[in-house]
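Open the model in your viewer and keep the sequence panel beside it. We will go from stop to stop, selecting a few elements each time and looking at what is there.

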Amino acid sequence: MPSTTSRLRRAFGVLATVALATAAMTGTASAHDRGGRHHPQPHYYVSLGDSLAAGYQPNVRTNTDVSYTDQLYTRLKKQDPTLVHVKLGCSGETTETMIAGGICSYPGATSQLGAAEAFLRAHRGEVEYVTLDIGANDVDGCLSATGIDQACTAKGIATVATQLPQIASGLRRAGGQGWGAPQYAGMNYYDPFLAVWLTGATGQAEAQQSTVLSDTLNGVIDQGLWKSGFRLADVAKAFSTDDFTDQATLPVFGTVPLNVARICAWTWECTQYQDIHANPTGHAVIAGVFEKVLRRR
């Protein structure tokens with residue numbers, strides 16, 4: 001995945017070793033299933049999404065089992081031993097490719113959405129949870145060293161506004177509603193480009209500008225999920241995305257805004273990899289947000 005700006009390579013070299021140490025896994029907390037009971041037969045948690053759901057990690061350059069979907073599954077399974085995880089996430093997926101396919105292959109289906117809908121229809125009454133993250137790759141290329149590409153942003157956000165509700169509504173139609181139906185939850189996104197704050201005055205202006213893009217995208221995602229009957233896992237809030245006011249201490253760089261510190265602690269941006277993906281600690285944070293949502297009835 002692309003880095004924020006070329007200046008980050010110079011600025012983050014000294015920070016890499018220290019920041020990598022923050023990638024230790026955090027503790028987990030268990031979640032109850034809908035009835036607080038163990039099921040006599042296997043039942044399912046279906047996860048859909050992009051590289052976050054798939055668990056991509058730049059240090060190994062492949063998908064892994066540290067994803068928030070895997071960590072959430074581990075937590076849910078503690079109270080529900082017969083739960084089975086159907087992991088469908090696809091690195092690089094956009095809203096368009098989730099609907100039409102073209103990146104990852106799925107037996108008997110042309111797309112990730114098609115595979116999920118087929119599974120949900122075939123296992124009515126057996127699926128406990130459905131989680132979704134999608135939309136980041138629709139605008140990922142719209143922010144560069146020269147700033148935000150407004151035309152790119154407008155096009156990407158308009159696509160998410162149209163296609164996210166189609167995806168979420170399709171999942172609910174396939175999985176059903178009411179008693180016996182799954183719990184549906186989707187997430188918004190943190191802003192990895194906040195890391196450019198550490199490169200100096202110009203980077204700080206770019207970091208603040210980047211939150212305009214992330215806030216707009218997240219507003220569209222939040223609305224699309226709500227209209228489609230999905231609960232919101234507010235990852236942007238957990239990462240303090242808009243909080244330039246509160247301060248935290250970052251090794252080497254000293255005092256920085258809380259949102260910048262959390263991006264450095266919970267993603268790979270402030271390491272030698274300069275990569276937008278959440279690290280294991282960040283995935284644990286995201287799993288915790290989903291867990292709280294799914295525990296609410």
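Start by selecting S4, S1, S5, S8 and S9: in this predicted model, these five strands make an open sheet in that order, with parallel pairing. S4 and S9 (231–233) stand at the edges with a single partner strand each, so one side of each has no neighbour in the sheet. Look along the sheet and you can follow a twist that averages 20° from one strand to the next.

Now zoom in on the S9 edge. S8 (residues 183–187) and S9 run parallel and are joined by three bridges. Pick Met187 and look across to S9, where Ala233 stands opposite. Then add H12 (residues 280–295), which lies across S5, S8 and S9 and runs at about 145° to S8.

Next, step back along the chain to the loop between H8 and S8, and select Gly180 there. Is Gly180 buried or partly exposed? Its relative accessibility is 24%, so Gly180 counts as partly exposed. Show Glu126 as well: Gly180 and Glu126 are 54 residues apart in sequence, yet their C-alpha atoms are 7.8 Å apart in space.

Time for the helices. Select H6 (residues 112–122) and colour its buried residues, which are Gln112, Leu113, Ala115, Ala116, Glu117, Phe119 and Leu120. What covers the buried residues of H6? The cover includes strands S1 (43–49), S4 (83–87) and S5 (127–133), together with helices H5 (95–100) and H8 (150–175).

Keep H6 and H8 on screen and hide the rest. Their axes come within 7 Å and cross at roughly 20°, which makes H6 roughly parallel to H8. On the H6 side, the contact is made by Leu113, Ala116, Glu117, Leu120 and Arg121, and on the H8 side by Ile167, Gly170, Leu171, Ala174 and Gly175. The crossing of H6 past H8 is right-handed.

Swap H6 for H9 (residues 201–227) and leave H8 in place. Here the axes of H8 and H9 come within 8 Å and cross at roughly 15°, so H8 is roughly parallel to H9. This crossing of H8 and H9 is right-handed. Show side chains to see Thr153, Ile157, Val160, Ala161, Leu164 and Pro165 of H8 meeting Leu213, Thr216, Leu217, Val220, Ile221, Gly224 and Leu225 of H9.

Bring everything back for a look at the interior. In soluble globular proteins, nonpolar side chains tend to be buried together. The largest nonpolar core here has 77 residues, and the members that touch the most others are Val46, Leu48, Leu132, Leu171, Met187 and Ile286. Centre on Leu48 and show its surroundings: leaving aside residues up to four places away in sequence, Leu48 touches Ala53, Tyr68, Leu88, Met98, Gln112, Leu113, Ala116, Val130, Thr131, Leu132, Asp133 and Leu171.

For the last stop, select S12 (residues 267–268) and S13 (residues 275–278). S12 and S13 pair in the antiparallel sense over two bridges, and Trp268 has Asp275 in S13 as its bridge partner. The two strands form a hairpin with six residues between them, and Gln274 in the turn has a positive phi of about 45°. Finally, turn S13 over in your viewer: both its faces are covered, with Asp275 and His277 buried on one side and Ile276 and Ala278 buried on the other.

Note on methods. Residues numbered from 1 in each chain as written. Predicted model: local features only at pLDDT ≥ 70, side-chain atom pairs only at ≥ 80, totals over all residues. Heavy atoms only, no water. Buried < 20%, exposed > 50% of the residue type's maximum accessible area, 1.4 Å probe, protein only. Helix = DSSP H or I, 4+ residues; strand = E, 2+ residues; numbered from the N terminus. Pairing = 2+ DSSP bridges. Core = buried A, V, L, I, M, F, W, Y, C linked by side-chain atoms within 4.5 Å. Contact = heavy atoms within 4.5 Å. Axes fitted to C-alpha atoms, helices over the stretch in contact; angles between N-to-C directions. Parallel < 35°, antiparallel > 145°, perpendicular 65-115°, else oblique. Left-handed = near helix turned anticlockwise from the far one by under 90°.
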